[in-house]
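This report describes two features of one protein model: a pocket and the packing of a pair of helices. The sequence and structure are shown first.

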Amino acid sequence: MLAAAVLFGCAKSDSAPKDTTAQAVTGEATQAAAKAEDKAGEQAAVSAAYPEKEIQCIVTAAAGGGTDAMARAVCTPLEKTLGKAIVIINNGSASGLVGMGDISQAAADGYTLGVFSNTDVANFVYGASECDFTTDDFTYIAGLNTTGDILVLKKGSDMKNLDDFVSKAKEKPGELTIALPSAIQNLSLDLMNEKMGIVTTGVVYEGGNKVLADLLGGHIEAGILSAKFISQAQEQDLTVLGIMLGDRLGTFPDISTFSEQGYDIVNPAVRMLVGPKGLPESVVNVLVENLKQGYEGEIKESVSNIDEEPALLTGADLDAFLKEDFAMREAMLKK
């Protein structure tokens with residue numbers, strides 16, 4: 001052991017010998033403790049001061065859509081408890097790709113945040129040919145809601161349940177057409193085809209309202225929509241065959257999951273409050289604590305009022321969800 005120590009020391013002859021006396025070691029430990037204390041003090045000071053000015057929140061979708069509605073439902077009450085304005089900036093250019101890039105490149109000081117979903121960012125990172133960011137280029141502060149896609153039949157359909165749907169799809173492979181509000185829903189369609197052992201054809205529309213209109217007019221056999229359309233579908237006597245989540249939504253407890261009906265199809269969408277990579281822990285803590293306060297009161301009510309399921313997900317729970325979810329999406333989208 002002595003020889004090894006001498007040889008190691010010779011290999012770094014341009015370095016001064018390290019003092020390993022008890023006094024020196026104690027001194028280093030004291031310095032390390034002092035640095036840690038200083039860092040904690042600095043973070044506490046940031047926590048106490050943040051926010052000192054208005055916050056910009058980039059929503060990676062146009063005004064009036066589901067992501068925009070969620071951002072406003074959360075940020076309007078949140079700015080009251082933070083004591084500073086949160087300015088919503090809608091940037092849905094290139095389906096949100098530009099807005100996500102802006103968030104990833106912003107200064108990590110807490111004054112540029114964003115709202116997008118796990119499905120949005122994964123589709124770009126794993127499915128787009130040109131994407132200048134990765135899933136690691138963001139700080140994921142909190143999940144704001146839980147939702148999922150639903151499968152809805154056209155008005156007057158002779159199908160009554162998922163088994164009828166599967167039987168019809170198997171009778172004529174590839175001929176059953178499914179309306180999709182955007183290209184993002186292609187993953188839900190792929191999961192259905194894979195798990196159900198069927199072949200269907202997706203037709204991408206320009207938004208959920210147009211899908212709903214064609215279902216009401218009987219112009220397409222079925223459509224995949226987000227859960228926010230459940231109320232409208234039910235009011236128009238359309239049949240909702242199921243939702244692609246592990247559990248039923250509390251806001252729509254009468255809609256059964258695909259899993260309950262024997263088809264293991266789970267594709268959760270969680271809209272999240274995010275920031276650029278490297279957001280200080282102290283800033284994240286301030287935001288999370290204020291969100292927790294809001295989800296016990298005004299934010300919870302505000303989110304419920306737009307027919308969304310309020311579900312705050314933070315810290316290790318959010319990290320674990322995203323790790324599993326991104327792995328699933330990467331495997332599906334890179335096939």
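The largest pocket holds about 1,200 Å³ of space; the model in which it is found is a predicted one. A total of 42 residues line this pocket, and those closest to its centre are Thr 67, Asp 120, Ser 182, Ile 184 and Gln 185. Two or more lining residues come from each of α3, α5 (118–127), β4 (138–153), α7 (186–196), α8 (208–216) and α12 (315–333). Of the elements, α5 gives the most to the lining, with five residues. The composition of the lining by class is tabulated below.

| Class of residue in the lining of the largest pocket | Number of residues |
|---|---|
| Nonpolar | 12 residues |
| Polar | 23 residues |
| Charged | seven residues |

Helix α3, which also contributes to the lining of the pocket, spans residues 66–82 and packs against helix α10, residues 281–294. Two packed helices are described by the angle between their axes and the distance between the axes. For α3 and α10 the angle is about 110 degrees and the axes lie 10 Å apart. Angles of 65 to 115 degrees count as roughly perpendicular, and α3 and α10 are therefore roughly perpendicular to each other. Their crossing is right-handed.

On the α3 side, the contact is made by Val 74, Leu 78, Thr 81 and Leu 82. On the α10 side, Val 286, Leu 287, Asn 290, Leu 291 and Gln 293 take part. Among the residues of this contact, six are nonpolar, three are polar and none is charged.

Key. Residues are numbered from 1 along each chain as its sequence is written. This is a predicted model: local features need pLDDT of at least 70, side-chain atom pairs count only at pLDDT 80 or more; totals for chains, interfaces and linings use all residues. Side-chain values use heavy atoms; hydrogens and water are left out. Axes are lines fitted to C-alpha atoms, for helices over the stretch in contact, and angles run from 0 to 180 degrees between N-to-C directions. Helices (H or I, at least four residues) and strands (E, at least two) are DSSP runs, numbered from the N terminus. Angles under 35 degrees count as roughly parallel, over 145 as roughly antiparallel, 65 to 115 as roughly perpendicular and the rest as oblique. A crossing is left-handed if the near helix is turned anticlockwise from the far one by less than a right angle, and right-handed if clockwise. Contact means heavy atoms within 4.5 Å. Ala, Val, Leu, Ile, Met, Phe, Trp, Tyr, Cys and Pro count as nonpolar, Asp, Glu, Lys and Arg as charged, and the others, Gly among them, as polar. On a 1 Å grid over the protein atoms alone, a cavity is a set of points where a 1.4 Å probe fits but cannot get out, and a pocket is an open set with protein on both sides within 12 Å along at least five of seven lines; lining residues have an atom within 4 Å of a point. Grid points are joined across faces, edges and corners, and a volume is the space filled by probe spheres set on the points.
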